[in-house]
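This report is meant for someone who is looking at the structure for the opening time and would like a guide to its parts. Please keep the sequence and the 3D view at hand while reading.

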Amino acid sequence: MKQAPHLPSLRLGKPYCSLNQSKVLDYRDGSVRATLSQVNPGVIRRDLKEVGQARAALQKFSTAELLEISRQAGEFFLHEELPVGEAGELQSPQEYLETLSSTSGLPHIMVRRNMEKIHHALTHMDTILNGLTRGLDVEVLDRGYGEQSGSPVCFHPTTKALGLVMPSNSPAVNSLWLPAIPLKIPVIMKPGKDEPWTPYRLMQAFIKAGCPAKAFGFYPTDHEGAADILRLCDRALIFGDKSTTDQYAGNPGVQVHGPGFSKVLIGDDEIENWQDYLDLMVASISDNGGRSCINASAIIVPKYAKEIADALGQRLGPIKPLAMNDPNAVLSGFANPKMAEWIDSAIDTDLLESGAYDATAPYRDGPRQVKAEGGTYLRPTIIACESIEHPLANREFLCPYASVVEVPQSEMLDKIGPTLVVSALTKCESFKRELLMDPRIERLNVGPISTMKISWDQPHEGNLFEFLYKRRSIGLAA
Amino acid sequence: MRLEIVSVMVSEEQIKHAANDLDQHVEEMINWHFSPESGCPFWLNWAKEQDFNPLEEVRTFAELCDKFPYFEDEWLRDLPNKVWVPQAFADRPFNIFETGGTTGMPKQRIGWDDFRIDYTAFSKTLNDDHFPRDHYWLMVGPTGPRRLRLAIEHLANERGCSCYFVDLDPRWVKRLIATQQFDQARAYMDHVVEQALTIIKNREISALFTTPKLLEALAERRDLVRAGIKGVFCGGTTMDRQYARFLQEEVCEGGKIGFVPTYGNTLMGLARNHPFGPENDYSIAYYAPQPRAVLRVIDTDSGKPVEYNHWGRVELTTLTKEFFMPRFLERDEAIRREPWTEAPWDGVAEIRPFGAMEKKIVEGVY
């Protein structure tokens, strides 16, 4: 077995081995799969004073060149050996997949799907930028001004660097920051504690493709360091639970990516056909191990809640952990078993409040939290709630979890609250209009589309271009 | 400039000699503090309640450790200052010094000349290139009722220098952080840093005494080398190996500014540091000004020193004519290090708050 690599910090591209190191552990046996250089916050503050050089290095490239670099980086990411570790060790795609799986608990099949998503994002970056900029000619970004739809436009960057405080839950979340590079904005990142692999590999892929190494800051650090990234980068993304994200709500420089509370809504006109949508509901709840903010965490229906909950229970309840390399694996292990314990106990505690029951329990042949395949897992859980006010009706957990709640169609939009993705199963024009006008829905799927389906040419969670660039009026004398 | 660490093995003879000096000093101090003509009321009364007579049974440091229980810090908080006045000092008013950054009634130590004696001795360890004589110093840190303020001024004076001061109230910072008022804490730190930068800009300063965090903040706002700073004398909060390396390599620009970390407090005086750098992975070991103070790293269950290079609780014994404080358990833990030629007794390294690995410790921005 290979020795666990040491991942250095990247100080504007330069590897730096800290004397403080953390361990990235196998989620099953706790063996060390990597050590990470943990930098003191002063290192980040010091480097941020020089970040203008990183931006200048990116500005030497045209956007078209950076799009080509992104495309090549995508190919390298998916297919090539890339450096991992201070000693220049190389990591093959398969080694990346297996290692990430061993520390995140994601089965191989899910890591593979995430790799493909990231590959798709990098190799279709032109489409993504087109969507983010609504068709802006990329040369406008090189010149700083130009025309769009016959009108003069001028854009200036809002920051010298994009700060990132990343989560550990799902590798594909990294696709959110990728457009920053062709947009010529360096990234300053604190990686997730258990998932340094994907951002490090992505940075190495970009560098191998010809992107200036200076464009990348990779800083495993503590809370103070994370807070400094958010405070000192004029634009930053943070991922976290509600308590984390509440702290930065209302800060225009920080885009908060918290729980999605994504939902499937069935209208009055389609509710009699609910059985036709079972596959869609199952996929929305359980794809990617139920770990994404775009996984459905509530099914809102005008009637048949008990029947739907029972049908979902029958489909999801029997699902068990499988071996990591089993292509049929649906569940992910927990890198932090205490998180699984907390979720399990939170659900049980809230079930003590009347008006809800676990519809998966009759089909699960055992407890929700299980030790299997050497790790800790939570089996799928469907909770039938009598009211949307029940504490379990609008919750999100890091596992296949959803509530099924009856709400009259006329009240649905008032009651669902902020929702990242709504898949609305309706053909009713007036309901569709109401959905289209609702400001609390970030992405709207009308018709039988899984909540997990995203469009790369449309931002579903904030628009990175609008975050990193601002339009201003311009006049140029002839 | 790369730091050269010359590793010279300390000899058994040196260690033995230092241990003998310590034993002689212990005997002298026991005689002083437990004799009615020179001792203070506290220890004279305390001795009456014990089942041993210190004057007869404690002649060495080992016997002191064996006979005396841990010093109870509440005594310094709860008892009137006068119980600590040795008879020999009865006709002189005393200074009252308070300890660090806790809230509530602080621990107090009284004193007369100790801080001068301690810091005069320490001055000999400073090098004239980084701490030039006949110039100006700036202290940015806790002043107020602390011994440090007078001690630093004395140290500067000892070297022919005068010292400017910018105060920082650590008790307020701790309160801000404990109540999660981080913005206020940052604003207060900015306020302190701005005052210091104003002095640095408008006066000729060659040496700084400050805390690691404040040093970092100053360097983020001003190029300290270009500002004329030649030496930094730094203490007050934890410096792990990475932080020490960062301060040395980057903030002090690899030796352009002499970086002298120290470990000290009102109860001890000042422990000097063993040279550190890549050769010893930036592990800073401190050596107490023995025989006036003794630091041990102990297992609190057995009361015995831990093995070399193992972690344990820091225990301080202060042995001066003004103040006798046997076996005080500091709120710190450290690694026990081998004796050094310049200080042939045990050192304490990589000091951090006791239990730092198990719980969150409020150390603050200072």
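In this predicted model, the C-alpha centres of domain 1 of chain A and domain 2 of chain A lie 30 Å apart. Domain 1 of chain A is made up of residues 6-258 together with 461-471, while domain 2 of chain A covers residues 262-446. Where the two domains touch, domain 1 of chain A supplies 18 residues and domain 2 of chain A supplies 19 residues. On the side of domain 1 of chain A, the elements that give two or more residues to this contact are α4 (93-104) and α5 (108-123) of chain A. Sorted by class, that side of domain 1 of chain A holds 5 nonpolar, 9 polar and 4 charged residues.

A second contact joins chain A to chain B, with 8 residues taken from chain A and 11 residues from chain B. The side of chain A that touches chain B divides into 2 nonpolar, 4 polar and 2 charged residues. The two sides are set out by class below.

| Side | Nonpolar | Polar | Charged |
|---|---|---|---|
| Domain 1 of chain A, touching domain 2 of chain A | 5 residues | 9 residues | 4 residues |
| Chain A, touching chain B | 2 residues | 4 residues | 2 residues |

Turning to a single helix, α6 of chain A spans residues 125-133, and its buried residues are A:M125, A:I128, A:L129, A:L132 and A:T133. Seen down the axis of α6(A), these buried residues fall within an arc of 120°, so they line one face of the helix. Among the elements that cover the buried residues of α6(A) are α3 (63-79), α5 and α17 (464-468) of chain A. Just after α6(A) comes A:R134, which takes a positive phi of about 55°.

Chain A also contains an open sheet of 3 strands, ordered β1-β5-β4, in which the pairing is mixed. Because β1 (6-7) and β4 (21-25) of chain A stand at the edges and have a single partner strand each, one side of each is left without a neighbour in the sheet. The strands β1(A) and β5 (residues 32-37) of chain A run parallel and are joined by 2 bridges, and the bridge partner of A:L7 in β5(A) is A:L36.

For chain A as a whole, the secondary structure comes to 17 helices and 24 strands, and buried residues make up 52% of its 478 residues. The C-alpha trace of chain A spans about 65 × 60 × 35 Å along its principal axes. A compact globule of 478 residues would have a radius of gyration near 23 Å, and chain A, with 23 Å, agrees with this.

Technical notes: Residues are numbered from 1 along each chain as its sequence is written. Chains are lettered from A and ligands numbered from 1 in the order in which they are written. This is a predicted model: local features need pLDDT of at least 70, side-chain atom pairs count only at pLDDT 80 or more; totals for chains, interfaces and linings use all residues. Domain bounds come from an automatic or database domain assignment. Two residues are in contact if their C-beta atoms, placed from the backbone, lie within 7 Å. Helices (H or I, at least four residues) and strands (E, at least two) are DSSP runs, numbered from the N terminus. Ala, Val, Leu, Ile, Met, Phe, Trp, Tyr, Cys and Pro count as nonpolar, Asp, Glu, Lys and Arg as charged, and the others, Gly among them, as polar. A residue is buried if 20 or more other C-beta atoms lie within 10 Å of its own, exposed if 12 or fewer, and partly exposed in between; C-beta atoms are placed from the backbone. The arc is that of the directions from the helix axis to the C-beta atoms. Two strands pair if DSSP finds at least two bridges between them. The radius of gyration is taken over C-alpha atoms; the globule rule is 2.2 Å times the number of residues to the power 0.38.
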